[in-house]
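Work through the exercises below with the sequence and the 3D model open. Each task is followed by a solution in steps.

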Amino acid sequence: MEMSSFILAIDQGTTSSRAILFDREMKVVGSGQKEFIQHYPASGWVEHDPEEIWASVVATAKAALKSAGRDASEVAAIGITNQRETVIIWDRTTGRPIHNAIVWQDRRTAPQCQKLKKQGLEKKFTRKTGLLLDPYFSGTKIAWMLDKVKGARKRAEKGELLAGTIDSFLIWRLTGGKVHATDATNASRTLVYNIEKNAWDDELLGILGIPGRMLPQVKDCADDYGITEKSLFGAEIKILGVAGDQHAATIGQACFEPGMMKSTYGTGCFALLNTGSDLVRSKNRLLTTIAYRLNGKTTYALEGSIFIAGAAVQWLRDGIKVIGKAEQSGELAASADPSQEVYLVPAFVGLGAPHWDAEARGAIFGLTRNSGPAEFARAALESVAFQTRDLLDAMRKDWKGASAKTVLRVDGGMVASDWTMQRLADILDAPVDRPTILETTALGAAWLAGSKAGVWPKTREFSKSWALERRFRPDMDASVRSAKLSGWRHAVRRTLSTL
């Protein structure tokens, strides 16, 4: 194999950092993974130590190279994908953060979002950014740090501080402070980026009190993001690809055509529907986002965010201890009594799309004396299918391209369960395709860098490389599906805080 033909993907996630080394044939040849500490300083607050994240990224990149028996000089390029909306503010001179990273799950800015809503500003933010006024997004997090960290606002106005999502911080550190940049997908999640004009929005920055000079330059997803410091890995490596994790998964699933849809089932569930050049303004409280931007051309998507997916299975295991391992949930669900209709609405941290009810809390309906672990397991797994159906229905209402023929491409930890994927197809009344390669997020980041470096194929050929492992086809009687959906919607209505 010739020199510089490997691609290194850095996948900086919510609970761990991973690095995966791919060869010229897009096969995994080495990897490393390291978990880091989750900090919960107050109820609803979630933070990460940026220095721990940085150390984990460097360590896992080195581990991936070592496990493959390869040298940094053999790496043609790095692609970065990251947990979205999580933000850091750091010193322009020293690179040191002024506060822990505030994580996407963090709810501390809910009062600020409510205040902005009461001022009638949500429509303005939505029109420009495609997002809703919710603590989930980055803008109010940046504003909070500027207000609460002593002297931060004055320093920011003087140009002494920089702000960015995790990718920006990593790029800054990897290049030794030479590059302050992000990509269009991460920018589109900040609440201050105009997705139609593809530029930071001065009006929104003014409303939130964020000096625009803090923010990174916005580039294409496959672009020049600088070169790593030689001292880090023993050789300089070009950084040529960046995308937020859900966008990278969309790319890794080769969802390049309008109407193609992917859904990632991890802690939460994030479904993206490619709408091409159509910037679809949702009337059903979905998000409009940038799917990716390549060669200066923006492709848009409708997105539905479900806060609790795999976390419901973790609750079965760790919270009520009805299973010992997550893998047992599908087998247990299959043994549930079909005559019992038990519904779990997993609003443990509120409900995401299309409800966006931060005050809703989880509830279980339909319990009888005979309800047991099997019924709980089925209810938890079905809740993921029901929530996905809610998203798909909303997408079909919003955009004519989301036809009844839509096929869902899936990835994430939950998709290994055949029972869960079959029930998903049954509830959606649509095919569900599971690919042979499930590392789609890292693959998407790697493809951005590899195609830019000329090592990997361009879009059309890459799409041809996508391979199906199994297609799950709907096999549920229409009357049964209808009854189940009716029961689910009734349960959700009883859970919403607006009752």
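**Exercise 1: a buried pair**

Both E303 and R189 are buried. The model is predicted.

Task: Find which parts of the chain the pair E303 and R189 links, and state how far apart the closest N and O atoms of E303 and R189 are.

Solution.
- Step 1. A salt bridge needs a side-chain nitrogen of Lys or Arg within 4 Å of a carboxyl oxygen of Asp or Glu.
- Step 2. The closest N and O atoms of E303 and R189 are 3.0 Å apart, and the two residues form a salt bridge.
- Step 3. E303 sits in strand β17 (residues 297–306), while R189 is in the loop between α7 (184–187) and β10 (193–194). The pair therefore links distant parts of the chain, 114 residues apart.

**Exercise 2: D245 and R84**

Task: Decide whether D245 is buried or exposed, do the same for R84, and say what their salt bridge ties together.

Solution.
- Step 1. The side chains of D245 and R84 meet in a salt bridge, with an N to O distance of 3.5 Å.
- Step 2. D245 belongs to helix α10 (residues 245–252), and R84 to the loop between β5 (75–82) and β6 (87–91), so the salt bridge ties together parts 161 residues apart in sequence.
- Step 3. Buried means under 20% relative accessible area. D245 has 17% relative accessibility, so D245 counts as buried. R84 has 3%, so R84 is buried as well.
- Step 4. A network of salt bridges links R84, E85, R189, D245 and E303.

**Exercise 3: helix α14 and its contact with β22**

Task: How many of the residues of helix α14 are buried, and which residue of strand β22 is paired with D418?

Solution.
- Step 1. Helix α14 spans residues 418–428 and is mostly covered, with nine of its eleven residues buried.
- Step 2. The buried residues of α14 include W419, M421, L424, I427 and L428. R423 and D426 are also among them.
- Step 3. D418 of α14 has 36% relative accessibility and so counts as partly exposed.
- Step 4. R470 forms a salt bridge with D418, the closest N and O atoms being 3.2 Å apart. R470 lies in strand β22 (residues 468–472), 52 residues from D418 in helix α14. R470 is partly exposed, because its relative accessible area is 35%.
- Step 5. After α14 comes D429, which has a positive phi near 55°.

**Exercise 4: the total**

Task: How many salt bridges does the count come to?

Solution.
- Step 1. Apply the 4 Å cut-off used in the first exercise.
- Step 2. The count comes to 33 salt bridges.

How values were computed. Residues are numbered from 1 along each chain as its sequence is written. This is a predicted model: local features need pLDDT of at least 70, side-chain atom pairs count only at pLDDT 80 or more; totals for chains, interfaces and linings use all residues. Side-chain values use heavy atoms; hydrogens and water are left out. Buried means under 20% relative accessible area, exposed over 50%, partly exposed in between (1.4 Å probe, protein chains only). Helices (H or I, at least four residues) and strands (E, at least two) are DSSP runs, numbered from the N terminus.
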